[in-house]
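I opened a new notebook page for this protein. The entries below record what I looked up, in the order I looked.

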Amino acid sequence: MFEEPDWAEEAPIAACLQPVASRFRPAAASQIKGSKHRQLLATLRVLEAASLSHQPPNLPGSDSEEEEEVVERKKKRPKKASFASVFTEIEEKRKKQHQKQRLPDSDSEEKEVEKKKCHKGALCGSDSAAEEKRKGRCQKQAPSNPAQHLDSVDQTGLQAWESSATDDPPKPSSETTSPQPHQTLSRKQWRNRQKNKRRHKNKFRPPQPPDSAVATAPTEETEVPPAPIQDSQETRAGALRARMAQRLDGARFRYLNEQLYSGPSSAAQRLFQEDPEAFLLYHRGFQSQVKKWPLQPVDRIARDLRQRPASLVVADFGCGDCRLASSIRNTVHCFDLASLDPKVTVCDMAQVPLEDESVDVAVFCLSLMGTNIRDFLEEANRVLKTGGLLKVAEVSSRFEDVRTFLGAVTKLGFKVISKDLTNSHFFLFDFEKTGPPRVGPKAQLSGLKLQPCLYKRR
């Protein structure tokens, strides 16, 4: 099975031992394990000896070189050091680095101080040299005219300053960084500073006549600010009067409005008869308030009446400027406490000069004012025909309870046809006359007591 090498038979001869067969004999199977182990060791030793004897001669110095390389590698391998030794080495390295950094920092600080001293000395030297040269020139020239002498001195001073300002200061080295570099003024900055100084001096000088001012005017052009536009006293007084008149009119309108809502209609009529301008003032303030509304109720009522026959007779209680009469084709009777139009009949709305059942439509557009609202509605019932239409438009904030108001009106001989409560400023109601009032004149109707519409001061 296994072929024996050439040196297998020579090895036992050289060792003076008996040859060993490659295959085991059947008798060897019965031997003890210890004897097998010994035989194997003996054969291995014999084989090693035979291989050494048959090995070709090595080159000279090859083993020695290999050994030297192994020794050098072992030397080069770093020895395993302890943790304490490593930590001490790291600390020593850090200390050395800090010492190296401190040394150049101190050197740089010393260099900075020396450079600053040198720079200051150079500047002072240059200034002193320029001053000495200027003095020498002045002494040599000694001009007869002192004005020319002063001009030349100023020019030389300016030239010396400009030369020192234009010279670039020594640039600091990259290693040393100065916290506050030396700043020099530019030519423009110097001129601006001189101008500011002159202006500050001129502030406190007394006013001079025009001739002397022209003689002592500076050569440089000075900026003259534009003269402020002053409003005349007349325009200011006129604007103040207009503003005060507007405030006064607003105050009077609030007073008249309060009087109209807090008293009966007869008292209001007497008020306007005594002061005819008061009604005009009140009507002007009322229109300015109503213009702010998104929709005026008189326009809504006029739109509804246009859809009805033009033969219907209309009675407008509290017509104002007769806007409703000018918006429709119907015959309109206009009544109010004072007249702003020739169509208006001046009277108390509780007693209008009309016959009984002579009107088809009665309108109260923001005119249920005063404490005698019941008298107004009873007068409308008197002049309306049976089945006639009553239209009421009032400010929404005046109603505490709409149901009680509608119930009180029905007791006066009317029936509710429609109501519109969608508008945020006013409510609109339509009633139909069913007959005379169902309650006596002494019966109390709490639903007809509406809140006064008072305007706040703004």
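These notes go from the whole chain to a few helices and then to single residues.

**Entry 1: ground rules.** I am working with a predicted model, in which local features need pLDDT of at least 70 and side-chain atom pairs count only at pLDDT 80 or more, while totals for chains, interfaces and linings use all residues. Residues are numbered from 1 along each chain as its sequence is written, and side-chain values use heavy atoms, with hydrogens and water left out.

**Entry 2: the whole protein.** I looked up the secondary structure and found 14 helices and seven strands. Both are DSSP runs numbered from the N terminus: helices are H or I with at least four residues, strands are E with at least two. Next came burial: 26% of the 458 residues count as buried. Buried means under 20% relative accessible area, exposed means over 50%, and partly exposed lies in between, using a 1.4 Å probe and protein chains only. The exposed area of the protein is about 34,700 Å², with 53% of it supplied by carbon and sulfur atoms. That area comes from the Shrake-Rupley method with a 1.4 Å probe. I also checked contacts, meaning heavy atoms within 4.5 Å. Among contacts with a separation of 6 or more, 67% are between residues 24 or more positions apart.

**Entry 3: α8 against α10.** Two packed helices are described by the angle between their axes and the distance between the axes. I took helix α8 (residues 233-262) and helix α10 (residues 276-290), which pack at an angle of about 100° with axes 9 Å apart. The angle makes α8 roughly perpendicular to α10. The axes are lines fitted to C-alpha atoms, for helices over the stretch in contact, and angles run from 0 to 180 degrees between N-to-C directions. Angles of 65 to 115 degrees count as roughly perpendicular, under 35 as roughly parallel, over 145 as roughly antiparallel and the rest as oblique. On the α8 side I listed D249, R252, F253, L256, N257 and L260; on the α10 side, A278, L281, Y282, R284, G285, F286 and Q289. By class, this contact has seven nonpolar, three polar and three charged residues. Ala, Val, Leu, Ile, Met, Phe, Trp, Tyr, Cys and Pro count as nonpolar, Asp, Glu, Lys and Arg as charged, and the others, Gly among them, as polar.

**Entry 4: α9 against α10.** Helix α9 (residues 265-274) packs on α10 at an angle of about 110°, with the axes 4 Å apart. That makes α9 roughly perpendicular to α10. F272, Q273 and E274 of α9 meet P276, A278 and F279 of α10. The classes here are four nonpolar, one polar and one charged.

**Entry 5: the buried side of α9.** Which residues of α9 are buried? I found S265, A268, Q269 and F272. Seen down the axis of α9, these fall within an arc of 100°, so they line one face of the helix. The arc is that of the directions from the helix axis to the C-beta atoms. Their cover includes α8, α10 and α13 (373-383). I then looked at Q269 alone, which is buried at a relative accessible area of 17%. Leaving aside neighbours within four places in sequence, Q269 is in contact with L337, C347 and D348. Q269 and V346 are 77 residues apart in sequence, yet their C-alpha atoms are 9.0 Å apart.

**Entry 6: α13.** Eight of the 11 residues of α13 are buried, so the helix is mostly covered. I noted them as I373, R374, F376, L377, E379, A380, N381 and V383.

**Entry 7: G263.** G263 is in the loop between α8 and α9. G263 counts as buried at 11% relative accessibility. Apart from neighbours within four places in sequence, G263 is in contact with G370 and T371. From G263 to M369, I read 106 residues in sequence and 8.7 Å from C-alpha to C-alpha.

**Entry 8: two positive phi values.** C322 is not a glycine, but its phi is positive, near 60°. C322 is in the loop between β1 (313-317) and α12 (323-327), and is buried with a relative accessible area of 3%. L366, also not a glycine, has a positive phi of about 55°. L366 is in the loop between β4 (359-365) and α13, and counts as buried at 11% relative accessibility.

**Entry 9: D304.** Is D304 of helix α11 (residues 297-306) buried or exposed? D304 counts as buried at 19% relative accessibility. Not counting residues up to four places away in sequence, D304 touches K391 and L428.
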